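Biologist: I am new to this structure and would love a close look at a single part of it. Could you choose one and walk me through it, along with its surroundings?

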Amino acid sequence: RNEIQFESIKAIDGDSIYIREYPYRSAKISGAVVKPGSYTMAAGETINDLIEKAGGTTENAYLFGGLYLNEDAKTINKKSTQLLYELFLDNILSMSEKAVGENNFDSTSIVGLAQELKKSESNGRVVVDLLDEDSLKLNQIKDGDELIIPENTNVVHIYGEVSNEGAVMFDQNQDLDFFIDKSGGFKKSADLGSIYILHPNGESELYSKKEEFLKALLKTRLK
């Protein structure tokens, strides 16, 4: 900035001062790219430009699992989490009032879940499809954005109400039963009507049929 020039300028009544937005911003990219690091981006540059500045992706890059973090999304996520926490507390109070006099009501687990929700960190994740060139051109970089491109791990993570949570090697010829059996099967407390498939790019699907589950896995692996 050349601030010395301001000394020779005298403001008079009625003058207007317009300060333009700084046209450059810093973004970070890491993971399976040739040159990971922080890059200066011009206004209007996109995710695709950021990947090109990093020399492109490596051969083992898993684009479908790309993680894109944005500060604006983080702020919104933080507010949403706070609202959800407050709603959770209201429900706990309501349940407690209805259960007055009942000795079998135990709110310990519910209160514990509410505390975990309050302590959870907002990550500002934005669902992006790094395989869609047209979509990437629409996602303009903001200051502080971060893109993480993982390597292909070829595993399916099973967690929740199963006997043994963990990772199972992916096999496109196997169905839901195979992966559940590898995890020790369902627990008696499992809600079979609420099985969700969480895709590496942040999207989620409610599983309803075995065929749909297999198709979802194939879609994730073939992209």
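**A close look around strand 5**

Modeller: Let's start at Asn154, which sits in the loop between strand 5 and strand 6 (155-158). Please keep in mind that this is a predicted model. The backbone of Asn154 has a phi near 60°, which is a positive value in a residue other than glycine. With a relative accessible area of 29%, Asn154 counts as partly exposed.

From that loop, step back into strand 5, which covers residues 146-149. One face of strand 5, with Leu147 and Ile149, is covered, while the other, with Glu146 and Ile148, is uncovered. There is a simple background to this: in a regular strand the side chains alternate between the two faces of the sheet.

Now look sideways, at the neighbours. Strands of a sheet pair through backbone hydrogen bonds, either parallel or antiparallel. Strand 5 offers an example of each: strand 1 runs parallel to strand 5 and is joined to it by four bridges, whereas strand 3 (residues 67-69) runs antiparallel to strand 5, with three bridges between them. You can follow the pairing residue by residue. On the strand 1 side, Ser30 stands opposite Ile148. From strand 3, Leu67 also stands opposite Ile148, and Tyr68 has Leu147 as its bridge partner.

Step back once more and the whole sheet comes into view: five strands in the order 2-1-5-3-4, forming an open sheet with mixed pairing. Strand 2 (37-42) and strand 4 (125-126) are at its edges, and each has a single partner strand, so one side of each is left without a neighbour in the sheet.

Strand 1 deserves a short visit, as it holds Arg25 within its residues 24-31. Is Arg25 buried or exposed? Arg25 counts as buried, because its relative accessibility is 10% and the cut-off for buried is under 20%. A polar atom of the Arg25 side chain lies 2.8 Å from the backbone oxygen of Ile141. Leaving aside residues up to four places away in sequence, Arg25 touches Tyr39, Thr40, Met41, Ala42, Ala43, Ile141, Lys142 and Asp143.

Away from the sheet pairing, there is one salt bridge in the structure. Side chains of opposite charge can pair when their charged atoms come close. Here the partners are Lys53 and Glu45, with 3.9 Å between the closest N and O atoms. Lys53 is partly exposed at 29% relative accessibility, while Glu45, at 18%, counts as buried.

For contrast, find Tyr196 in strand 8 (residues 195-198). Tyr196 counts as exposed, because its relative accessibility is 52% and exposed means over 50%. Together with Tyr159, Leu198 and Leu206, Tyr196 makes a nonpolar surface patch of about 480 Å².

Finally, here is the setting for all of this. The protein chain has six helices and nine strands, and 28% of its 223 residues count as buried. Taking contacts between residues at least 6 apart in sequence, 58% join residues at least 24 apart. About 15500 Å² of the chain is exposed, and carbon and sulfur atoms supply 50% of that. If you want one place to return to, try Ile148: this residue lies on the uncovered face of strand 5, with Ser30 opposite and Leu67 opposite as well.

Key: Residues are numbered from 1 along each chain as its sequence is written. This is a predicted model: local features need pLDDT of at least 70, side-chain atom pairs count only at pLDDT 80 or more; totals for chains, interfaces and linings use all residues. Side-chain values use heavy atoms; hydrogens and water are left out. Helices (H or I, at least four residues) and strands (E, at least two) are DSSP runs, numbered from the N terminus. Buried means under 20% relative accessible area, exposed over 50%, partly exposed in between (1.4 Å probe, protein chains only). A polar contact is a pair of N or O atoms within 3.5 Å; within protein, one must be able to donate a hydrogen and the other to accept it, and residues adjacent in sequence count only if both atoms are side-chain atoms. Contact means heavy atoms within 4.5 Å. Patches are made of residues with over 30% relative accessible area and no salt bridge: like charges are joined within 9 Å, nonpolar side chains (Val, Leu, Ile, Met, Phe, Trp, Tyr) within 5 Å. Accessible areas come from the Shrake-Rupley method with a 1.4 Å probe; for residues, only the protein chains shown count as cover. A salt bridge is a side-chain nitrogen of Lys or Arg within 4 Å of a carboxyl oxygen of Asp or Glu. Two strands pair if DSSP finds at least two bridges between them.
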